[in-house]
Amino acid sequence: MALRKNNKLSQAAALKQILKRCSSLGRKQGYGEEDGLPQDVPKGHFAVYVGENRSRFIVPISYLTHPEFQTLLQRAEEEFGFHHDMGLTIPCEEVVFRSLTSMLN
């Protein structure tokens, strides 16, 4: 049980780090244009890159609580890890991602 809790804490810490880099949360904590953060991401949202062409989507942070989106995050961690400079990349076809996000809205 402690191992599961510890794993969730490390995943939460990694997600927080990614969100600092690719969302408006980072700007509130001292990151800004000089750090290369996107200025077009509204408060409460973050950018993800999806599909072969790595199309960019802006999604609400509330998606992080949905089990379906959490499954995508686990796949992203397994395939790419969370320690890279590019924004969060989701290993999923664009059409599937669009379908999922339309259901979450």
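Which residues have the most contacts inside the largest nonpolar core? They are V48, V59, F69, L88, I90 and F97, in a core of 18 residues. A nonpolar core here is a set of buried Ala, Val, Leu, Ile, Met, Phe, Trp, Tyr and Cys residues joined through side-chain atoms within 4.5 Å. Buried means under 20% relative accessible area, exposed over 50%, and partly exposed in between, with a 1.4 Å probe and protein chains only.

Before going further, a word on the model: it is predicted, local features need pLDDT of at least 70, side-chain atom pairs count only at pLDDT 80 or more, and totals for chains, interfaces and linings use all residues. Residues are numbered from 1 along each chain as its sequence is written, and side-chain values use heavy atoms, with hydrogens and water left out.

**Overall layout**

The protein chain has four helices and three strands, in the order α-α-β-β-α-β-α along the sequence. Helices (H or I, at least four residues) and strands (E, at least two) are DSSP runs, numbered from the N terminus. Of the 105 residues, 37% count as buried. Contacts (heavy atoms within 4.5 Å) between residues 24 or more positions apart make up 41% of those with a separation of 6 or more.

**The strands**

Strand β1 pairs with both other strands listed below; two strands pair if DSSP finds at least two bridges between them.

| Strand paired with β1 | Bridges | Direction | A residue pair |
|---|---|---|---|
| β2 (residues 55-60) | six | antiparallel | A47 opposite I58 |
| β3 (residues 88-90) | three | parallel | Y49 with T89 |

β1 itself covers residues 45-50, and five of its six residues are buried. Another residue of β1, F46, stands opposite V59 in β2. Four residues lie between the strands in the hairpin of β1 and β2, where G51 takes a positive phi near 85 degrees. The side chains of β2 alternate: S55, F57 and V59 point to one face and are buried, while R56, I58 and P60 point to the other and are not.

**Helix α3 and the core**

Helix α3 spans residues 67-80, and its 14 residues reach 20 Å from first C-alpha to last, close to the 20 Å expected at 1.5 Å a residue. That expected span is 1.5 Å times one less than the number of residues. Within α3, F69, L72, L73 and A76 are buried. Seen down the helix axis, the buried residues of α3 fall within an arc of 100 degrees, so they line one face of the helix; the arc is that of the directions from the axis to the C-beta atoms. On the other side, P67 and E78 are exposed. G81 follows α3 with a positive phi near 75 degrees.

Back to the core of 18 residues: β1, β2, α3, β3 and α4 (94-104) each supply at least two of its residues. Its largest share, four residues, comes from α3. F97 touches V48, V50, F57, V59, F69, L72, I90 and C92, not counting residues up to four places away in sequence.

**Confidence**

The chain averages a pLDDT (the predictor's confidence in each residue, from 0 to 100) of 75, and 61% of the residues score at least 70. Among the elements, helix α2 (residues 24-28) has the lowest mean, 45, and β2 the highest, 93. Over residues 22-34 the pLDDT is below 50, and this stretch has 33 contacts in the model beyond near neighbours in sequence. Where pLDDT is low, the predicted coordinates should not be read in detail.
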